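Student: I am new to this structure and would like a close look at a single part of it. Could you take me slowly through one sheet and the helix that lies on it?

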Amino acid sequence: MKTMSVRVRYAPSPTGHLHIGNARTALFNYLFARKNDGSFIVRIEDTDTKRNVKTGIESQLKYLKWLGIDWDESINKDGGYGPYSQLERLDIYEKYAQELLDRGLAYKCYCTKEELKQEREALKERGEDKLHYSRKCLYRTDEPDLPYTIRFKVPKDTYYSFNDMVKGKVTFKSEDVGDWVMVKQNGIPTYNFACAIDDHLMAITHVLRGEDHITNTPKQLMIYNAFNWDKPRFGHMTLIVNEDNKKLSKRDHSIIQFIEQYQTLGYLPDALFNFISLLGWSPKGNKEILSKEQLINLFDDKQLSNSPAKFDQDKLAFINNRYIKKLSDEEAVELCMPHLTKAGLTNTYSEEWIENLVKVFKDRLSFGAEITALYDEFFNQEFTLDDEQETLLKEPGVKETLEVFKRLLEELDEFNANTIKPLINQTGKEANAKGKMLYMPLRVATTAQMHGPDLPKVLALLGKDTVINRLNQMMKAL
RNA sequence: GGCCCGUUGGAGAAAUGGUUAACUCACAUGCCUUUCACGCAUGCACUUAUGGGUUCGAACCCCGUACGGGUCACCA
């Protein structure tokens with residue numbers, strides 16, 4: 001048996017920026033292709049000329065590339081199956097549409113949108129379950145000189161079954177599908193028609209897409225049947241849902257939805273790639289932090305989940321943090337710099353100070369832009385204590401500890417992390433405090449925080465004057 | 001409403017007929033570093049939405065119920 005080489009495609013419509021759901025579709029197709037030594041094709045489905053955005057294609061490709069998803073064939077890389085954008089293939093669709101017309105498998109429909117709308121509403125009012133087109137144009141014998149659409153004549157009593165890669169056997173009955181529009185009045189094909197033609201002509205072997213396409217599958221199957229073409233394997237991945245279990249909609253602001261935004265916020269492409277790969281799929285084994293190469297290696301379509309994938313923001317934060325930790329100090333600074341600049345901190349502080357800031361907080365950063373929030377928390381807050389912190393400072397011996405520390409600091413010439421650290425130890429000895437009761441009071445009295453990064457480093461960043469002022473202020477209140 | 005799909009711990013999710021239901025996040029506790037964090041260790045589902053059935057045996061198979069979602073365009 002001759003095994004055909006795997007060819008899969010990602011087929012975005014250029015209506016906007018790369019969305020997280022589309023990125024997921026692209027990513028799994030990519031993984032599947034690479035795993036099977038196949039080809040990954042990006043085809044532009046631009047048949048909705050009204051919704052096309054000028055920069056759409058460019059943006060889609062740009063962020064795909066940013067994520068590390070590279071393609072073998074597309075509008076800018078011919079693989080012999082082009083053209084790769086549907087508006088450049090209109091003559092192809094026209095030919096096939098004409099053939100279906102000639103063979104009586106499709107017909108022209110002269111109904112106006114208004115008529116169709118009324119028809120549908122009437123059906124709805126009568127409580128009909130199926131709001132299908134009445135087929136009245138099927139029986140027309142004249143050929144008026146009016147604009148028309150071409151409808152596919154759905155066969156009677158036919159079952160459309162396919163063995164879904166994710167869901168298993170799925171069956172639709174033809175009676176549940178109305179005669180659908182293949183070619184619009186403007187002569188441009190609809191999605192279901194163009195998609196089936198192109199997938200066949202481009203020798204696509206596997207169609208991996210979102211579950212929202214599952215009811216489109218019977219329509220596409222009708223086209224394959226009509227032309228007696230071999231069908232690709234279909235796989236419908238579960239939808240990505242938000243905290244409310246709703247499909248991610250572009251208006252939903254509880255979740256950041258566009259890849260571009262993640263880039264802007266200082267997420268790392270590898271981390272995002274990793275995170276997205278876990279949306280509706282799970283690797284064998286107990287590791288979840290995986291590189292692109294590891295993911296390609298581990299990828300198995302049998303592991304595709306069939307229950308919805310919840311977008312877990314905590315997990316994204318965790319994963320991105322793991323990747324940020326692996327960054328060099330220089331890379332971390334670079335990641336944070338745009339946000340520090342935007343917040344005006346680069347004007348206030350020296351380059352060295354900024355670098356130290358990033359180094360100190362690198363390990364707890366979930367994304368680049370978070371650096372300014374951490375900055376505010378430690379350096380730009382109103383310096384007040386909560387009840388828990390006050391209680392701690394009122395413990396016996398604390399005031400003495402603070403006094404000793406302040407005295408030692410005042411005598412210090414070189415104020416940096418290396419010189420501060422021994423002073424903390426010395427404070428412990430002189431004030432007879434240790435462990436938690438040494439560090440906690442010092443931390444609270446100087447930063448108004450119970451927890452934080454390495455204390456000497458934080459103090460060094462605060463600067464001698466601020467630290468001593470804060471200590472004075474605290475001791476006065478005790 | 002019709003059709004299609006789903007339902008495992010606080011969250012993600014593994015396990016498709018056979019011992020105590022993986023793993024990850026979060027949380028908690030302990031150890032370590034004179035603090036915190038990191039790291040390491042431990043704990044966290046008397047049980048797989050629910051009711052029946054099949055079976056020696058079911059999270060896994062069958063039927064019903066409830067709940068959730070998707071889709072029913074001259075959008076893709």
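Tutor: What follows describes one sheet strand by strand, and then the helix that lies across it. Please keep in mind throughout that this is a predicted model.

The sheet is an open one of 3 strands, arranged in the order β3-β4-β7, and the pairing is antiparallel. Because β3 (106–109) and β7 (181–183) stand at the edges and each has a single partner strand, one side of each is left without a neighbour in the sheet. Neighbouring strands here are turned by 45° against each other on average, if direction is ignored.

Looking at the pairings one at a time, β3 and β4 (residues 149–152) are joined in the antiparallel sense over 4 bridges. A106 stands opposite F152 in β4, while C109 has T149 of β4 as its bridge partner. The pairing of β4 with β7, again antiparallel, runs over 2 bridges, and here R151 has V181 in β7 as its bridge partner. The side chains of β4 are divided between two directions, with T149 and R151 pointing one way and I150 and F152 the other way, yet all of these residues are buried.

Now turn to helix α3 (residues 90–102), which lies across β3, β4 and β7 and runs at about 100° to β3. With 1.5 Å for a residue, the 13 residues of α3 should span 18 Å, and the end C-alpha atoms of α3 are indeed 18 Å apart, so the expected and the computed values agree.

The residues of α3 can be sorted by how far they are covered. Y93, Y96, A97, L100 and L101 of α3 are buried, which here stands for under 20% relative accessible area. Because these buried residues cover an arc of only 145° around the axis, they lie on the same side of α3. They pack against β3, β4 and β7, and also against two further helices, α5 (191–201) and α6 (217–227). The face of α3 turned away from this buried side carries the exposed residues D91, E94, K95 and D102. Just after α3 comes G104, which takes a positive phi of about 75°.

Taken together, α3 lies across the strands of the sheet, with its buried residues packed against β3, β4 and β7 as well as α5 and α6, and with exposed residues on the face turned away from them.

Methods. Residues are numbered from 1 along each chain as its sequence is written. Chains are lettered from A and ligands numbered from 1 in the order in which they are written. This is a predicted model: local features need pLDDT of at least 70, side-chain atom pairs count only at pLDDT 80 or more; totals for chains, interfaces and linings use all residues. Side-chain values use heavy atoms; hydrogens and water are left out. Two strands pair if DSSP finds at least two bridges between them. Axes are lines fitted to C-alpha atoms, for helices over the stretch in contact, and angles run from 0 to 180 degrees between N-to-C directions. Contact means heavy atoms within 4.5 Å. The expected span of a helix is 1.5 Å times one less than its number of residues. Buried means under 20% relative accessible area, exposed over 50%, partly exposed in between (1.4 Å probe, protein chains only). The arc is that of the directions from the helix axis to the C-beta atoms.
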